[in-house]
Amino acid sequence: MSGGPGADGLPPELQARLDDLWFENYAAWARAHPRGRVEELGGWRIASLGSTWPFHNIATPKAGETIQVDRLRGAFRPGGYRVWLRDGMDNAEAELLGAGFSTELELPAYVRDLSVAAPAGDGQSGLMSAGYEAGRAESRAEIEECVWGDRLSAWLDIADVKAAFPDPWRMARAADRRFYQARHEDRLVATGQSLVHHGVAGVYAMWTAEPHRSRGLASALLRLICGDAVAAGATHVTLQATEPGGGLYTRAGFERRYAYRVYREENQGHD
């Protein structure tokens, strides 16, 4: 990792807001969780749902502070957390690697300036196929389905999902979080999610059921998300994605600007 905030051309103030948004996505869930916690400790910002899934027990360096790896280890049970760094956090990376951490995953970060019009179309027709409907998930039942649906079965057992998100409706209402859905014959076939924080918006949980891909669903949800972000006063919208999803986002006006990396200790399991 090289360079500091704004090294890719992003203004430092914007990069700081994007960093805060990244952390807030986890922290907002944690604040509303019965076992959740959000704290600053030893130069780290920590958010935890108390979940068995380590990607919901996370830490990232606090800007301008010296990190203490031992304090981080003491905050979580062994194997139960992950550390996130973005490009430019060289000192934190050196400390983690020296303490026996390794890179587990890299996610490119894409940013779109909402003052710039999106390209016309997305390389396809730009429209959803007939027979589909897309819109906001508004009711408790719809939001619960977006969070608890079997789309997560490849990652977690449904019991683990409900342990991490026992009350999606209440947890979602604790922040400016919005859910989006596409349906076919009244069945949920695609989802998206957003969080608006300090004038920037994040896009999360973009998913389309495999039999319904290439029907324009993700593009339709993304247009709804960006439109609502503009209405909420956001100046930029961001997301993290790997290919092939990244191609969809670049066609929608997003630019790859930096990357996040996930670290774990070498002696930790992959639980």
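Tutor: Let's start with a definition: two residues are in contact when they have heavy atoms within 4.5 Å. The model is predicted: local features need pLDDT of at least 70, side-chain atom pairs count only at pLDDT 80 or more, and totals for chains, interfaces and linings use all residues. Residues are numbered from 1 along each chain as its sequence is written, and side-chain values use heavy atoms, with hydrogens and water left out.

Student: OK, which residues does F165 touch, leaving out those up to four places away in sequence?

Tutor: Use the contact cut-off and skip the sequence neighbours up to four places away. What remains for F165 is W29, L49, H56, V147, W148 and M171.

Student: How many helices and strands does the chain have?

Tutor: Both are DSSP runs numbered from the N terminus: H or I over at least four residues for a helix, E over at least two for a strand. On that basis the chain has 8 helices and 11 strands.

Student: What share of the residues is buried?

Tutor: Relative accessible area decides: buried is under 20%, exposed is over 50%, and partly exposed is in between (1.4 Å probe, protein chains only). Across the 271 residues of the chain, the buried share is 52%.

Student: Which residues have the most contacts inside the largest nonpolar core?

Tutor: A nonpolar core is a set of buried Ala, Val, Leu, Ile, Met, Phe, Trp, Tyr and Cys residues joined through side-chain atoms within 4.5 Å. The largest one here has 37 residues. Its top residues by contacts inside the core are W84, F165 and F179.

Student: And which element gives the largest share of this core?

Tutor: Elements giving two or more residues include α1 (12-31), α4 (140-148) and β9 (200-208). The largest share is 9 residues, and the element supplying them is α1.

Student: How many residues are in the other core, the one with V189 and V203?

Tutor: That core lies apart from the largest one. V237 and Y249 are also among its members, and its size is 25 residues.

Student: Now the charges. Which residue does E265 meet in a salt bridge?

Tutor: The rule is a side-chain nitrogen of Lys or Arg within 4 Å of a carboxyl oxygen of Asp or Glu, and the structure holds 20 such bridges. For E265 the N to O distance is 2.5 Å. E265 sits in strand β11 (residues 255-265) and its partner in helix α2 (residues 69-75), so the bridge ties together parts 192 residues apart in sequence. The partner is R73.

Student: Is E265 buried or exposed?

Tutor: Check the relative accessibility, which is 10% for E265. Its partner R73 is partly exposed at 27%, whereas E265 counts as buried.

Student: How far apart in sequence are the parts that R264 and E104 tie together?

Tutor: The side chains of R264 and E104 meet in a salt bridge at 3.2 Å, N to O. R264 is in strand β11 and E104 in strand β5 (residues 101-113), so this pair joins parts separated in sequence by 160 residues.

Student: Which residues join E106 in a network of salt bridges?

Tutor: This network links E106 with residues of both charge types. They are D87, R256 and R261.

Student: Which backbone oxygen does the side chain of N57 reach?

Tutor: N57 is in strand β3 (residues 57-61), and its 4% relative accessibility is why it counts as buried. Its side chain also reaches the backbone nitrogen of L49 at 3.4 Å. The oxygen is at 2.9 Å and belongs to G80.

Student: How far apart in space are R173 and A28?

Tutor: R173 lies in the loop between α6 (168-172) and β7 (177-184), and at 59% relative accessibility it counts as exposed. R173 and A28 are 145 residues apart in sequence. From C-alpha to C-alpha the distance is 9.6 Å.

Student: Last one: how many disulfides does the count come to?

Tutor: A disulfide needs a pair of cysteine sulfur atoms within 2.5 Å. C146 is buried at 2% relative accessibility, and C226 is buried at 6%. By the sulfur rule, the disulfide count is 0.

Notes. A polar contact is a pair of N or O atoms within 3.5 Å; within protein, one must be able to donate a hydrogen and the other to accept it, and residues adjacent in sequence count only if both atoms are side-chain atoms.
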